[in-house]
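Here's a quick tour of a structure you may want to look over before doing anything else with it. Have it open in your viewer and follow along.

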Amino acid sequence: MNKFVRYISLCIAVSFFLFISWAVYLANMGGNNVLFDIVKIIPYGDKFAHFLLFGLLTAVTLFASKFSYLDIGYYRQRFSVNSSLRFNSNPNMANDLNRKANCKSERFLVNKSIKIRVYYAIFVVSSVVLFEEISQIFITTRTFDMTDLAADALGIALFSTIAIRINKKPCVK
């Protein structure tokens, strides 16, 4: 990722964060504007707005942070796998209902390493979203809603998956 793209994505991320902060401040103070009116007109507009805003914020923040991440650890998982299934039936039996299939399989154990990768941008945006949604419990002009939190989480998950696939490989460890 060249410096110009990173600079543009950083400017977009900061601007987007300031826009969302302004909208949250306005909602906390009980204010109203044209955007809130548009969201109220659209069916499930509030949920769609949560999905879109925090998903896009996550995507641009990922690009601005150059997809930097932290590998938390490696875990080994053992599981067994059937290599093949063979069904042997007795052709001498006339009745199909009484036929018995003998299943023979070979089993072997597989060791697989699982690493947990935490992207800084996803962690920061998720933390801010969680704090903002929980803070609504204590603000009289707002109401806490689990579906808003679910819409935020779905937006973060979808847009971060898309951004990570677009990037194809992490740049910074």
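Let's start inside a helix: T58 sits in α3. T58 is buried, with a relative accessible area of 0%. Keep in mind that this is a predicted model. From T58 we'll move on to the overall fold, one helix pair and a few loop residues.

**T58 and its surroundings**
- Which residues does T58 contact once its neighbours within four places in sequence are left aside? They are I122, V125, I156 and S160.
- T58 counts as buried because its relative accessible area, 0%, falls under the 20% cut-off.
- I122 and V125 fall in the range of helix α4 (120-135), while I156 and S160 fall in that of α5 (146-167).

**The chain as a whole**
- The protein chain has five helices and two strands.
- If you walk along the sequence, the order reads α-α-α-β-β-α-α.
- Of the 173 residues in the protein chain, 27% are buried.
- About 12300 Å² of the protein chain is exposed, and 66% of that comes from carbon and sulfur atoms.
- Take the contacts between residues at least 6 apart in sequence: 74% of them link residues at least 24 apart.

**How α1 and α3 pack**
- Helix α1 covers residues 3-28 and helix α3 covers residues 45-64. Their axes are 8 Å apart, and the two helices pack at an angle of about 150 degrees.
- That angle makes α1 roughly antiparallel to α3, since anything over 145 degrees counts as roughly antiparallel.
- The α1 and α3 crossing is left-handed.
- On the α1 side, the contact is made by R6, S9, L10, I12, A13, F16, F17, F19 and I20.
- On the α3 side, L53, F54, L56, L57, V60, T61, F63 and A64 do the job.
- What's the chemical make-up of this α1 and α3 contact? You get 14 nonpolar residues, two polar and one charged.

**V24, Q136 and R142**
- V24 is another α1 residue. Not counting residues up to four places away in sequence, V24 touches E132 and R142.
- V24 and R142 are 118 residues apart in sequence, yet their C-alpha atoms are 10.0 Å apart in space.
- Q136 lies in the loop between α4 and α5.
- Is Q136 buried or exposed? Q136 is buried, with a relative accessible area of 2%.
- Leaving out residues up to four places away in sequence, Q136 is in touch with R142, T143 and F144. R142 is therefore a contact of both Q136 and V24.
- Another long-range pair is Q136 and N28: they are 108 residues apart along the chain, with 8.1 Å between their C-alpha atoms.

**Two loop residues with positive phi**
- Most residues other than glycine have a negative phi, so the next two are worth a look on a backbone plot.
- Y44 isn't a glycine, but has a positive phi of about 55 degrees. You'll find Y44 in the loop between α2 (34-41) and α3.
- Y44 counts as exposed, at 72% relative accessibility.
- K66 isn't a glycine either, and has a positive phi of about 55 degrees. K66 is in the loop between α3 and β1 (69-88).
- With a relative accessible area of 28%, K66 is partly exposed.

Technical notes:
Residues numbered from 1 in each chain as written. Predicted model: local features only at pLDDT ≥ 70, side-chain atom pairs only at ≥ 80, totals over all residues. Heavy atoms only, no water. Axes fitted to C-alpha atoms, helices over the stretch in contact; angles between N-to-C directions. Helix = DSSP H or I, 4+ residues; strand = E, 2+ residues; numbered from the N terminus. Parallel < 35°, antiparallel > 145°, perpendicular 65-115°, else oblique. Left-handed = near helix turned anticlockwise from the far one by under 90°. Contact = heavy atoms within 4.5 Å. Nonpolar A, V, L, I, M, F, W, Y, C, P; charged D, E, K, R; others polar. Buried < 20%, exposed > 50% of the residue type's maximum accessible area, 1.4 Å probe, protein only. Areas by Shrake-Rupley, 256 points an atom, 1.4 Å probe, with all protein chains shown as cover.
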